[in-house]
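Got a minute to look over a model before you set anything up with it? Have a scroll through the sequence and structure, and then we'll walk through what's worth a look.

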Amino acid sequence: MGIPDADIFPNATGNALKTVEAHQNPADVTLYAGWFCPFVQRTWIALEEKGIPYQYKEENPYHKDKEFLKLSPKGLVPALVYKGRPIHESLVINEFLEDAFPDTKPLLPADPYERAQIRIAIDHVTKSIIPTFFKVLQSQEKDAQQAALKSLYEAFNAFAARFIGDGPFFAGKDLSLADLALIPWIGRLYIIEKNRGFDISNTDAKFQAWAKYVTEMESFKKTTSDYVHYEQIYGRYLRNEAQSEAAKATRAGGIIP
Ligand code: GSH
């Protein structure tokens, strides 16, 4: 038997494939990506929004290739190489892009207090929303699924309660790193709608409006593959068979790496 999760569809499809094909030339920035990965999509959207030239390289993180482990110590995607030097962790990479490309579209407000609010929201996404999303996916008993769904609605509402201004984005009229931290999971809500009874009408109107708006963004669509291919990946989570680091951590009740 091979590595349990290694047998995934090998490349992006649909809109995302066109974007991959348009980014094959060498550039100062190389994105090591998995087409299916929500953490990757955070950085992929940031690169698209900022208009930074980049080369896209597909990497199956379940193979743990020796060469890739030199770029990302746990073998997780995304990894980014900038002028020969590697960086990993999607949120760190996004902050790096902000620092290294000051002449591109900013994804943090100028005001230090507002920047802090954005980072608090990102911390909430990391600590509350993502672990709960995985719990919803992986829970097998009805009661546990219902409890996880309730926590997810609460966590979404708590995110929306932190909005600065009147939308359409987290920080008002401009897209920010807080939006990017969560958008990829909004694009995957259809999986828990279909399989776990998630119903967005159980969240506050503010959250619903935000979710609708961000999934209509061009950069989101350009980095999204055909839905059918996500189903193979998420089937493993729904049956609680996935062997990714995130799936194992969820099962063990620990912190998602
Ligand atoms: N905290 C990391 C980040 O934000 O970049 C998480 C990245 C992550 O878990 N990526 C997944 C991965 O590489 C794909 S979506 N999984 C390989 C594995 O778990 O072995």
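What follows is a quick tour by topic, from annotated domains to the ligand, the backbone and the charged side chains.

Keep in mind that this is a predicted model. UniProt, in an unreviewed entry, marks a GST N-terminal domain at residues 27-105 and a GST C-terminal domain at residues 111-237. The structure has a ligand with 16 residues around it, and it holds twelve salt bridges.

**Domains**

- The span that the unreviewed UniProt entry labels "GST N-terminal", residues 27-105, comes out as 35% helix and 23% strand. Its end C-alpha atoms lie 19 Å apart.
- The "GST C-terminal" span in the unreviewed UniProt entry, residues 111-237, is 72% helix and 0% strand. Here the end C-alpha atoms are 40 Å apart.

**Around the ligand**

- Of the 16 residues surrounding the ligand, the closest are C37, K64, E89, S90 and E245.
- E89 has an N or O atom in its side chain 2.8 Å from a nitrogen atom of the ligand.
- V77 comes in through its backbone instead, with an N or O atom 2.9 Å from a ligand nitrogen.
- P257 also uses a backbone N or O atom, which sits 3.1 Å from a nitrogen atom of the ligand.

**Backbone oddities**

- V77 turns up again here: the peptide bond from V77 to P78 is cis, with omega near 5°. P78 belongs to the loop between helix 3 (66-69) and strand 3 (79-82).
- There's a cis bond between G167 and P168 too, with omega at about 10°. You'll find P168 in the loop between helix 6 (142-161) and helix 7 (177-186).
- K83 isn't a glycine, yet its phi is positive, at about 45°. This lysine lies in the loop between strand 3 and strand 4 (85-88), and it counts as exposed at 55% relative accessibility.
- E89, the ligand neighbour from above, is another non-glycine with a positive phi, about 80°. E89 lies in the loop between strand 4 and helix 4 (90-100) and is partly exposed, with a relative accessible area of 35%.

**An arginine without a partner**

- Which side chain of opposite charge is nearest to R42? That would be E89, but at 6.4 Å away. A salt bridge needs the nitrogen and the carboxyl oxygen within 4 Å, and R42 has none even though it is buried.
- R42 lies in helix 2 (residues 38-50). Beyond its neighbours in sequence, it touches S90, L91, N94, V125, I130, L180, A181, P184 and W185.
- S90, one of those contacts, is also among the residues closest to the ligand.

**Salt bridges**

- As a general point, side chains of opposite charge can pair when their charged atoms come close. Three of the pairs are picked out below.
- E48 and K222 meet in a salt bridge at 3.0 Å, N to O. E48 lies in helix 2 and K222 in helix 10 (residues 218-222), so this pair ties together parts that are 174 residues apart in sequence. E48 is buried, with a relative accessible area of 15%, whereas K222 counts as partly exposed at 34% relative accessibility.
- K105 pairs with E49, and their closest N and O atoms are 2.5 Å apart. This pair links distant parts of the chain as well: E49 is in helix 2, K105 is in the loop between helix 4 and helix 5 (112-138), and 56 residues separate the two. K105 counts as partly exposed, at 37% relative accessibility.
- K150 and E154 make a salt bridge at 3.1 Å, N to O. Both lie in helix 6, four residues apart, which is about one turn of the helix. K150 counts as exposed at 53% relative accessibility, while E154 is partly exposed at 46%.

Notes: Residues are numbered from 1 along each chain as its sequence is written. This is a predicted model: local features need pLDDT of at least 70, side-chain atom pairs count only at pLDDT 80 or more; totals for chains, interfaces and linings use all residues. Side-chain values use heavy atoms; hydrogens and water are left out. Buried means under 20% relative accessible area, exposed over 50%, partly exposed in between (1.4 Å probe, protein chains only). Lys and Arg count as positive and Asp and Glu as negative; His and the chain ends are not counted. Contact means heavy atoms within 4.5 Å. UniProt positions are given in the numbering used here, feature names are shortened, and annotations may be inferred rather than shown by experiment. A residue is near a molecule or strand if one of its heavy atoms lies within 4 Å of it. A polar contact is a pair of N or O atoms within 3.5 Å; within protein, one must be able to donate a hydrogen and the other to accept it, and residues adjacent in sequence count only if both atoms are side-chain atoms. Lists of a residue's contacts leave out its neighbours within four places in sequence.
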